[in-house]
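Me: I am new to protein structures and would like a close look at a single part of this one. Could you walk me through the C-terminal domain and explain each term as it comes up?

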Amino acid sequence: MASIMSTRHALRLPSSMRMRLFSSSSSRGAVVEVKRLGVVGAGQMGLGIALVAAQKANVKVTLVDSSQKSLDKGMAFADKLLAKDVAKARLTQEQADHARALLTPTTSLDELSSADFVIEAVPEIPDLKFSIFSRLAQICPPHAILATNTSSISITRIAASTTQDPTDTSASSRVVSTHFMNPVPIQKGVEIISGLQTSAATLEAAVAFCRRMGKITSVSADSPGFLANRILMPYINEAVICLDTGVGDRDSIDAIMKNGTNVPMGPLQLADFIGLDTCLAIMKVLHTETGDSKYRPSVLLKNMVDAGWLGKKSGKGFYDY
């Protein structure tokens, strides 16, 4: 679904998407040279972003998480992925060791004081993200790009959290979304989303760095769900409704989509891999922000999340793991 576009073409957007024109001219300039990346959040997405950046972009990566346990788990997973790539001859041992050496885990956000580019990849909790970006604006150098991996929260709102003075766009103009697809080491697509404050230079830097990571970029307006989840989540939600109302059973729903539309997995299995709590959170954002009843979350989806049946990560969802 993602389209390959040059940076020049990526910036040629419809007038409704040219929100960065509101940014001050002082925020324009040369594209930031990224020598050190910061990643906030050592979960599956954050670890994947950090590892791919080390492997493909060959940059030093500081991986930050408030939980030492999460960091240890993430780094162990990185070792496992690298060992698997060596075993399958995708990497030499020397290349794997080099990528691993570029990763530095820490529990201190202050360690990002020398980062050129930061990607936040924490759970979809608005207040948590706002708090992190408020701190990043104070900690990071004045040239650093501040990116979020949010799958649904307004980039404009996140950017606004970097300052108490809306007329001061020195930090908010450097906020952008780099929405990676899961799992990051496998999926090529990245959505780049500008907020109202995002400068052209910031957008250009985000596109350039994601390409350096070997990704294919698509540019989206700051609209609820952006592109990927605006299309994907209602599809999953409708599949859950079909299951709940007896239109089809689990296996029939997934089989017809796999065998009839040539997708690698059906919507219910895909929901399990994404996480049913994540699917529900995004559907709630779509429903609340648009006010359109077509985005109302399935009752069954809400009930399964209440039961703690979150999919693969909890061991039970539409399937057992």
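Reply: Here is a walk through that part, followed by a short look at the rest of the chain.

First, a word on the ground rules: this is a predicted model, in which local features need pLDDT of at least 70 and side-chain atom pairs count only at pLDDT 80 or more, while totals for chains, interfaces and linings use all residues. Residues are numbered from 1 along each chain as its sequence is written, and side-chain values use heavy atoms, with hydrogens and water left out.

The part you ask about comes from an unreviewed UniProt entry, which lists residues 225-321 as "domain: 3-hydroxyacyl-CoA dehydrogenase C-terminal". UniProt positions are given in the numbering used here, feature names are shortened, and annotations may be inferred rather than shown by experiment. Over residues 225-321 the chain is 62% helix and 0% strand, with the end C-alpha atoms 28 Å apart. Helices (H or I, at least four residues) and strands (E, at least two) are DSSP runs, numbered from the N terminus.

Let us start with two rings. Phe273 and Tyr321 form an edge-to-face aromatic pair, 6.2 Å centre to centre with 85° between the planes. Rings of Phe, Tyr and Trp (its six-membered ring) pair if their centres lie within 6.5 Å; planes under 30 degrees apart count as stacked, over 60 as edge-to-face and the rest as tilted. Phe273 lies in helix H10 (residues 267-274) and Tyr321 in the segment after helix H12 (299-306), so the pair ties together parts that are 48 residues apart in sequence. Phe273 is partly exposed at 35% relative accessibility, and Tyr321 is partly exposed at 41%. Here buried means under 20% relative accessible area, exposed over 50%, and partly exposed in between (1.4 Å probe, protein chains only).

Another ring has a charge for company: Lys316 lies over the face of Trp309, at 4.8 Å from the ring centre. A charge sits over a ring if NZ of Lys or CZ of Arg is within 6 Å of the ring centre and within 35 degrees of the ring normal.

Next come the salt bridges, where a side-chain nitrogen of Lys or Arg is within 4 Å of a carboxyl oxygen of Asp or Glu. Asp277 and Lys313 meet in one of them, at 2.9 Å from N to O. This pair links distant parts of the chain, 36 residues apart: Asp277 is in helix H11 (residues 276-290) and Lys313 in the segment after H12. Asp277 is partly exposed at 26%, whereas Lys313 is exposed at 54%. Asp251 and Arg250 form another salt bridge, also listed at 2.9 Å. Asp251 is partly exposed at 45%, and Arg250 is partly exposed at 28%.

One backbone detail is worth a look too. Most residues other than glycine have a negative phi, and most peptide bonds are trans. Asn262, however, has a positive phi, near 65°. Asn262 is found in the loop between helix H9 (250-261) and H10, and is exposed, with a relative accessible area of 73%.

Finally, a glance at the rest of the chain. Ala89 also has a positive phi near 65°, and a cis peptide bond joins Asn182 and Pro183, with omega about 0°. Pro183 sits in the loop between strand S6 (175-180) and strand S7 (189-194).
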